[in-house]
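Colleague: Got a minute to go through this one with me? I'd like to start with the overall fold and then look at the details.

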Amino acid sequence: MRDKMNNVSETDVWADKTHAEVFDYLHKMPKHIVKRHYETFNEGRLLKKYKEKIEGNKFFEIGCATGELYRYITTYMKEFTYHGFDISVPAINRATSKYPSDYFHILENGFDDIIEKHGQPDVVWCRDVILHQDKPYKFLNNVIKLAKNTSIVRLRTRDSGETVFDTDLSCQLHWDKYWAPYIVLNIDEMISKIKENKDVNKIIISRSYEILGGHNYRFLPKELYFTSAGTAETAVFIQKGDRVDGEVVVVYDDNQDRPKLGIIERVIRKTSLFFM
Ligand SMILES: C[S@@+](CC[C@H](N)C(=O)[O-])C[C@H]1O[C@@H](n2cnc3c(N)ncnc32)[C@H](O)[C@@H]1O
């Protein structure tokens, strides 16, 4: 029993059917709220702002959960062809029960099958997945490599202090059952790691600062409970192309990004046991 309570797993939480129930809260919202939801968060704001600069229209989402981004993309960004991938069987089942099943795929063998079976995407969207991996940089690199042109991710960063990779010390409890990794990357280290991909020529960083410690049953290193750590929910827009003078352009476009919800939306959200 004690071992179960201490175990931190990057997969157990997503295999549980509660995941599909909790993450389907947007399904109850009308389209215009779904639009507002995605566009007020920095990763959606960056997609909207720079979408004309993206070459190609093949759009893959890694960690699509119950597929609500499909609804946003196919309604408001019709120029993209969407496919969603996830390791969670309950989440993909839920997505395919709502939307055409051809667009959703279970990832059984990591990223290996994706290009072979579905071709290489122009854009990869990966929101709130990297922070939950045991090896977040390996996963981030795989996302960058997968995209022909652009990757858009949301993860967690800290401006000061080293990344704590030990998931026993940096994790989050879900549904009174599962500890999942919750890793907060040092921002400068993250930028250096992205630059190691020689085909990347531009990185746009958009931090929404907030204290990460103490919310949503997170068990995090003590310094992440202080403003001095500079923790943030961070959107990163990564573009490939030729570098000028061998340099990668890094742009900071920070913005506090929580959507302002009305009373009804707040009630729906609350009753949906919202987790992020
Ligand atoms: C916190 S949820 C985020 C869901 C959605 N992207 C969002 O922003 O609401 C993380 C999702 O990533 C999926 N996931 C976790 N590890 C994954 C992996 N290695 N490959 C693909 N999907 C993964 C989980 O099953 C889950 O649906």
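Colleague: Of the contacts in the protein chain with a separation of 6 or more, what share comes from residues 24 or more positions apart?

Modeller: Keep in mind that this is a predicted model. The chain holds eleven helices and twelve strands. Counting contacts at a separation of 6 or more, the part from residues 24 or more positions apart is 73%.

Colleague: What radius of gyration does the protein chain have, and why does it agree with a compact globule?

Modeller: Along the principal axes, the C-alpha atoms fill a box of roughly 55 × 45 × 40 Å, and 37% of the 276 residues count as buried. A compact globule with 276 residues would have a radius of gyration near 19 Å, so the chain agrees with its value of 18 Å.

Colleague: Now the open sheet of three strands: which strands stand at its edges?

Modeller: The order is β7-β6-β10, with antiparallel pairing. Two of these strands have a single partner each, so one side of each is left without a neighbour in the sheet; they are β7 (178-181) and β10 (218-219).

Colleague: Which residue in β7 does Gln172 stand opposite?

Modeller: Strand β6 covers residues 171-174 and runs antiparallel to β7, with four bridges joining them. Opposite Gln172, in β7, you'll find Ala180.

Colleague: And the ligand: which residues are closest to it?

Modeller: The shell around the ligand has eight nonpolar, three polar and three charged residues. In total 14 residues surround the ligand, and the closest are Trp14, Gly63, Ala65, Ser88 and Arg127.

Notes
Residues numbered from 1 in each chain as written. Predicted model: local features only at pLDDT ≥ 70, side-chain atom pairs only at ≥ 80, totals over all residues. Pairing = 2+ DSSP bridges. Helix = DSSP H or I, 4+ residues; strand = E, 2+ residues; numbered from the N terminus. Near = placed C-beta within 6 Å. Nonpolar A, V, L, I, M, F, W, Y, C, P; charged D, E, K, R; others polar. Rg over C-alpha atoms; globule rule 2.2 N^0.38 Å. Buried ≥ 20, exposed ≤ 12 C-beta atoms within 10 Å, placed from the backbone. Contact = placed C-beta atoms within 7 Å.
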